Each structure stands twice: as C-alpha cells, then as structure tokens.
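Hi,

Here is the structure I promised to pass on. Have a look at it first, and then read my notes underneath.

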Amino acid sequence: RIADTTEVIKSWPESDGDDASIHIKTTSKLIERIKDIIKAIERVEGVAKRDEVLWKKLQDCPIPLDLLDLLDHANGLNPEMFT
C-alpha cells in the first residue's frame, strides 16, 4: 500500500555517526514497497484492460489515472466513479 511506503519515508532513521548501513537497509525497504505498488498497479491495469467497459470508463474519468494510484480506497478516499 502507498501508506506503507509513505510511512517508510516519514520514519526514515538517522545514521549513527559514519555508519550508513541503516540507510542501505531503509532504502532497500523503500524500494521493496515501491515494487509492491508497481505490481498492484499492473494487476489493476490488467483487470481493467480485460473489461472494455471499465477501461473506457477509466479513460473518460476526469481524474487522471496517474492520480488514481495515489488514492487509498481502503481508507475511504475513493473517486466518485467507484461509489
């Protein structure tokens, strides 16, 4: 989820002196969260493209598709077309 990725960024730890290993670990975690988001978007896109009516509706939606992935449907921030 995007919220998990945001949490990694918001809770980014400071390094202890010259030891930057915590940044390597945190960066790896962030990259994994971003990969999870990409996979989820690809799955949604695959489902939407198989449904011609849904794909047309998404294309005609006044909200750009690149913003749809920023919406967290589980927390009630869903576009009007999904209500």
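Below is what I found, starting with the whole chain and then moving to a few places in it.

First of all, keep in mind that this is a predicted model. The protein has four helices and zero strands, so if you walk along from the N terminus the elements simply read α-α-α-α. Of the 83 residues in the protein, 14% are buried. The accessible surface comes to about 6,600 Å², and carbon and sulfur atoms account for 57% of that surface. As for contacts with a separation of 6 or more, 36% of them link residues that sit 24 or more positions apart.

Next, the place where two of the helices meet. Two packed helices are described by the angle between their axes and the distance between the axes. Here the pair is helix 2, residues 21–50, and helix 3, residues 52–60. Their axes come within 5 Å and cross at roughly 115°. Angles of 65 to 115 degrees count as roughly perpendicular, and helix 2 and helix 3 are therefore roughly perpendicular to each other. On the helix 2 side, the residues that meet the partner are E45, A48, K49 and R50; on the helix 3 side they are E52, L54, W55 and L58. Sorted by type, the residues of this contact come out as four nonpolar, four charged and no polar.

Now for two threonines that I'd look up in the viewer. T26 belongs to helix 2. Is T26 buried or exposed? Its relative accessibility is 9%, and buried means under 20%, so T26 counts as buried. A polar atom of the T26 side chain lies 2.7 Å from the backbone oxygen of I22. Setting aside neighbours within four places in sequence, T26 is in contact with V8, W12 and P13.

The other one, T5, is found in helix 1, which covers residues 2–10. T5 has a relative accessibility of 8%, so T5 counts as buried too. And what does T5 touch, leaving aside its neighbours within four places in sequence? The contacts are L30, R33, I34 and I37.

Last, a look at D4, which is also in helix 1. At 39% relative accessibility, D4 counts as partly exposed. In sequence, D4 and L30 are 26 residues apart, while in space their C-alpha atoms are 9.1 Å apart. L30 is also one of the residues in contact with T5, so you can find D4, T5 and L30 in one view.

Cheers

Conventions: Residues are numbered from 1 along each chain as its sequence is written. This is a predicted model: local features need pLDDT of at least 70, side-chain atom pairs count only at pLDDT 80 or more; totals for chains, interfaces and linings use all residues. Side-chain values use heavy atoms; hydrogens and water are left out. Axes are lines fitted to C-alpha atoms, for helices over the stretch in contact, and angles run from 0 to 180 degrees between N-to-C directions. Angles under 35 degrees count as roughly parallel, over 145 as roughly antiparallel, 65 to 115 as roughly perpendicular and the rest as oblique. Contact means heavy atoms within 4.5 Å. Ala, Val, Leu, Ile, Met, Phe, Trp, Tyr, Cys and Pro count as nonpolar, Asp, Glu, Lys and Arg as charged, and the others, Gly among them, as polar. Buried means under 20% relative accessible area, exposed over 50%, partly exposed in between (1.4 Å probe, protein chains only). Accessible areas come from the Shrake-Rupley method with a 1.4 Å probe; for residues, only the protein chains shown count as cover. A polar contact is a pair of N or O atoms within 3.5 Å; within protein, one must be able to donate a hydrogen and the other to accept it, and residues adjacent in sequence count only if both atoms are side-chain atoms.
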